[in-house]
Amino acid sequence: MGSEKQGFIWLSGLLFLNILAVSTSDVLYYEFFLQESQFTKLCSTKSILTVNGSFPGPEIRVRRGDTVFVNVHNQGNHAVSLKWEGVKDSIDGSNELIQPGRNFTYEIELEDEIGTLWWHATSAGAAATVHGAFVILPAANEDYPFPAPTSDQTIILGEWFREELTKAN
């Protein structure tokens, strides 16, 4: 009976260590405040919708397997929703239109995504200014699926028009 009990304790300990080693994913929280801000580029000042006062918006940096909550507070003048490009459709509220003065929290459960993706507004007026990088690193206990970089720098390309584009009649 004693050896059975020792075997059970040993197997239980091994199972616990295995679960501990595998469950290294984190839960991360981000707060996005959409607000109108004055920006000057190419000697032209415009009022644009920004995230936390920055253009482009903040970078989200997480690990594969993490769960990410992004609470978006719309302090702008128009309804807006965010799209998470490259992330599987397991996002809670992925089509939620956030009205001015309201907020919505996106829940993003990462599975096997890895690499540099991006997020952006889907509303026509905000898509050009409300966007940012979504960097998903390998899980804490795994290697890159390619040679590991020695450093990284995120570069976001965008457009800035000095004048509003109008349709020709």
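These are my notebook entries on the nonpolar core and the aromatic pairs of this predicted model.

Entry 1, the core. I looked up the largest nonpolar core and found that it has 26 residues, with F32, I60, W84 and F134 making the most contacts inside it. I then checked which strands feed this core: β1 (27-41), β2 (44-51), β3 (60-63), β4 (67-74), β5 (82-85), β6 (103-109), β7 (115-121) and β8 (131-137) each supply at least two of its residues. For background I note that, in soluble globular proteins, nonpolar side chains tend to be buried together.

Entry 2, a stacked pair. I turned to the aromatic rings, where the count comes to eight pairs. The rings of Y29 and F69 have their centres 5.3 Å apart and their planes at 10°, and because planes under 30 degrees apart count as stacked, I entered the pair as stacked. Y29 belongs to strand β1 and F69 to strand β4, so this pair ties together parts that are 40 residues apart in sequence. I also looked up the accessibility of Y29, which is exposed, with a relative accessible area of 61%.

Entry 3, a tilted pair. W84 and W119 also form an aromatic pair, with 6.3 Å from centre to centre and 45° between the planes, and this one is tilted. W84 sits in strand β5 and W119 in strand β7, 35 residues apart, and the pair thus links distant parts of the chain. W84 counts as buried at 2% relative accessibility, and W119 likewise counts as buried, at 0%.

Entry 4, the cluster. Finally I looked up how the rings group, and found that F32, W84, F104, Y106, W119 and F134 form one aromatic cluster. Of these residues, F32, W84 and F134 are already in my first entry, among those with the most contacts inside the core.

Note on methods
Residues numbered from 1 in each chain as written. Predicted model: local features only at pLDDT ≥ 70, side-chain atom pairs only at ≥ 80, totals over all residues. Heavy atoms only, no water. Core = buried A, V, L, I, M, F, W, Y, C linked by side-chain atoms within 4.5 Å. Buried < 20%, exposed > 50% of the residue type's maximum accessible area, 1.4 Å probe, protein only. Helix = DSSP H or I, 4+ residues; strand = E, 2+ residues; numbered from the N terminus. Phe/Tyr/Trp six-rings, centres within 6.5 Å; stacked < 30°, edge-to-face > 60°.
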